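Me: I am new to this one and would like to understand the words used for it. Could you show it to me and go through them with me?

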Amino acid sequence: MRELLSELKSDEDDAGSPYREAGECWFLNIYGKPLDAIKSRSTQQQSYQNNAAMELINSVTSADEEGRSRQRILVYAARRYATALERNPEDYDALYNWALVLQESADNVSPDSTSPSKDALLEEACNKYDEATRLYPTLHDAFYNWAIAISDRAKMHGRTKEAEELWEQATKNYEKAVQLNWNSSQALNNWGLALQELSETVPAREKQKIVRTAIGKFRAAIQLQFDFHRAIYNLGTVLYGLAEDTLRTGGSTNPKEVSPNELYSQSAIYIAAAHALKPNYSVYSSALRLVCSMVIRVEQKQVSRSLSGRTADVANIDKRAIRVDIPDIVSVSACADLTLPPGLGLCIDITHGPIFLVADSWESLDGWLDAIRLVYTIYARGKTDVLVGIITC
């Protein structure tokens with residue numbers, strides 16, 4: 001999930017030292033930039049900070065030769081960024097890239113290593129991201145990777161008050177990353193995961209509100225990328241957890257809220273869709289075995305519209321199935337039409353004309369919108385046979 005140094009390439013500079021590039025998250029070119037006229041810190045102070053960070057990176061020991069080779073490249077890169085910052089303490093590119101190096105070095109720490117700690121490296125990376133974003137407040141990649149570093153720190157602190165504070169910080173940074181780059185489905189997905197983790201550290205009375213916010217982030221990620229199987233699976237698991245919590249507390253007293261049975265059914269839809277998109281993922285297969293027996297029972301009032309555009313109210317139509325051939329679907333969307341019965345309208349536009357349904361709640365409407373879009377996405381990806389196998393098992 002992390003967009004950091006996933007590929008390393010070596011090159012030789014004038015002195016014969018290796019030079020690294022990143023795969024998904026490229027180091028930015030920091031050389032040849034004009035120096036800023038005003039520097040916020042003295043060269044001496046910057047040198048001290050550089051030395052402290054370099055000491056952390058230099059003391060990393062990896063468990064295997066591949067990790068040690070990778071760390072040598074990271075050390076070389078860190079030296080170049082330290083040199084750049086000594087020339088220009090306000091070089092936000094160098095600060096950002098150095099934070100990436102520290103973050104990647106934390107992953108190279110051997111499990112049995114005592115110096116430095118992974119947490120110390122991540123904390124220093126967070127400091128660099130903080131400095132970079134102060135200098136360049138719209139650097140959305142920095143907020144995104146900063147949130148990942150904070151999340152990694154939070155995982156090491158269990159269910160403590162410190163972990164709660166770290167998860168809160170992570171959610172705020174993911175929020176900032178999404179504000180600056182609204183079409184990042186990965187940031188939305190990670191935001192949902194951070195909220196899900198945060199919900200496990202707060203008092204029970206606060207948990208459900210945070211979980212429902214997480215559900216909204218996963219839905220938003222899916223709406224940006226309908227084949228984003230990780231977000232689809234995560235939404236399924238958080239809905240399953242919400243159903244379990246609702247049952248454990250005796251269910252909701254609000255008749256407008258979704259029942260545990262419907263939450264289980266919605267969970268099954270998303271987990272089945274994730275499995276259909278990635279049938280070889282063992283974690284999806286295991287989750288599917290848990291939920292595949294859950295039959296989807298979502299009652300909806302249904303009306304049909306003739307090709308002339310007139311609404312036909314059909315008696316007892318909620319007892320009859322409406323057949324929609326997947327290849328015929330043009331679009332699906334929420335709609336507001338005064339000619340529909342009370343409720344929340346949904347329009348399935350097919351080649352033969354629109355079909356209208358009415359949901360009883362926003363949760364039900366969102367569930368149906370996602371279900372239809374996901375089924376169409378699975379069909380478009382050529383994975384229909386997998387989905388059929390799930391439904392008929």
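Reply: Gladly! Let's begin with the salt bridge: a side-chain nitrogen of Lys or Arg within 4 Å of a carboxyl oxygen of Asp or Glu. Please keep in mind that this is a predicted model, where local features need pLDDT of at least 70, side-chain atom pairs count only at pLDDT 80 or more, and totals for chains, interfaces and linings use all residues. Residues are numbered from 1 along each chain as its sequence is written, and side-chain values use heavy atoms, with hydrogens and water left out.

Me: Why is the pair of Lys-118 and Asp-107 called a salt bridge?

Reply: Their closest N and O atoms are 3.9 Å apart, and the limit is 4 Å, so the pair qualifies. By this rule the count comes to 16 salt bridges. Lys-118 lies in helix α4 (residues 118–135) and Asp-107 in helix α3 (residues 92–108), so this pair ties together parts 11 residues apart in sequence. Helices here are DSSP runs of H or I with at least four residues, strands are runs of E with at least two, and both are numbered from the N terminus.

Me: What makes Lys-118 "partly exposed"?

Reply: Buried means under 20% relative accessible area, exposed means over 50%, and partly exposed is in between (1.4 Å probe, protein chains only). Lys-118 has 31%, so partly exposed is the right label. Asp-107, at 38%, is also partly exposed.

Me: How do you know that Asp-119 and Arg-153 form a salt bridge?

Reply: The closest N and O atoms of Asp-119 and Arg-153 are 2.7 Å apart, so the pair meets the 4 Å rule. This pair links distant parts of the chain, with Asp-119 in helix α4 and Arg-153 in helix α5 (residues 140–155), 34 residues apart. Arg-153 has 11% relative accessibility, so the residue counts as buried.

Me: Why is Arg-323 called exposed?

Reply: Its relative accessible area is 71%, and the cut-off is over 50%, so the label fits. Arg-323 forms a salt bridge with Asp-325, with 3.2 Å between the closest N and O atoms. Asp-325 is partly exposed at 34%.

Me: What is the situation of Asp-328?

Reply: Asp-328 is buried yet has no salt bridge. The nearest side chain of opposite charge, Arg-323, is 7.7 Å away; Lys and Arg count as positive and Asp and Glu as negative, while His and the chain ends are not counted. Asp-328 sits in the loop between β2 (311–312) and β3 (329–335).

Me: Why are Tyr-144 and Tyr-174 called an edge-to-face pair?

Reply: Rings of Phe, Tyr and Trp (its six-membered ring) pair if their centres lie within 6.5 Å; planes under 30 degrees apart count as stacked, over 60 as edge-to-face and the rest as tilted. The structure holds eight aromatic pairs. For Tyr-144 and Tyr-174 the centres are 6.1 Å apart and the planes are at 65 degrees, so the pair is edge-to-face. Tyr-144 belongs to helix α5 and Tyr-174 to helix α6 (residues 161–180). Tyr-144 is buried at 5%, and Tyr-174 is buried at 3%.

Me: What makes Lys-217 count as sitting over the ring of Trp-191?

Reply: A charge sits over a ring if NZ of Lys or CZ of Arg is within 6 Å of the ring centre and within 35 degrees of the ring normal. The charged end of Lys-217 is over the Trp-191 ring, 3.9 Å from its centre. Lys-128 lies over the face of Trp-98, at 4.4 Å from the ring centre.
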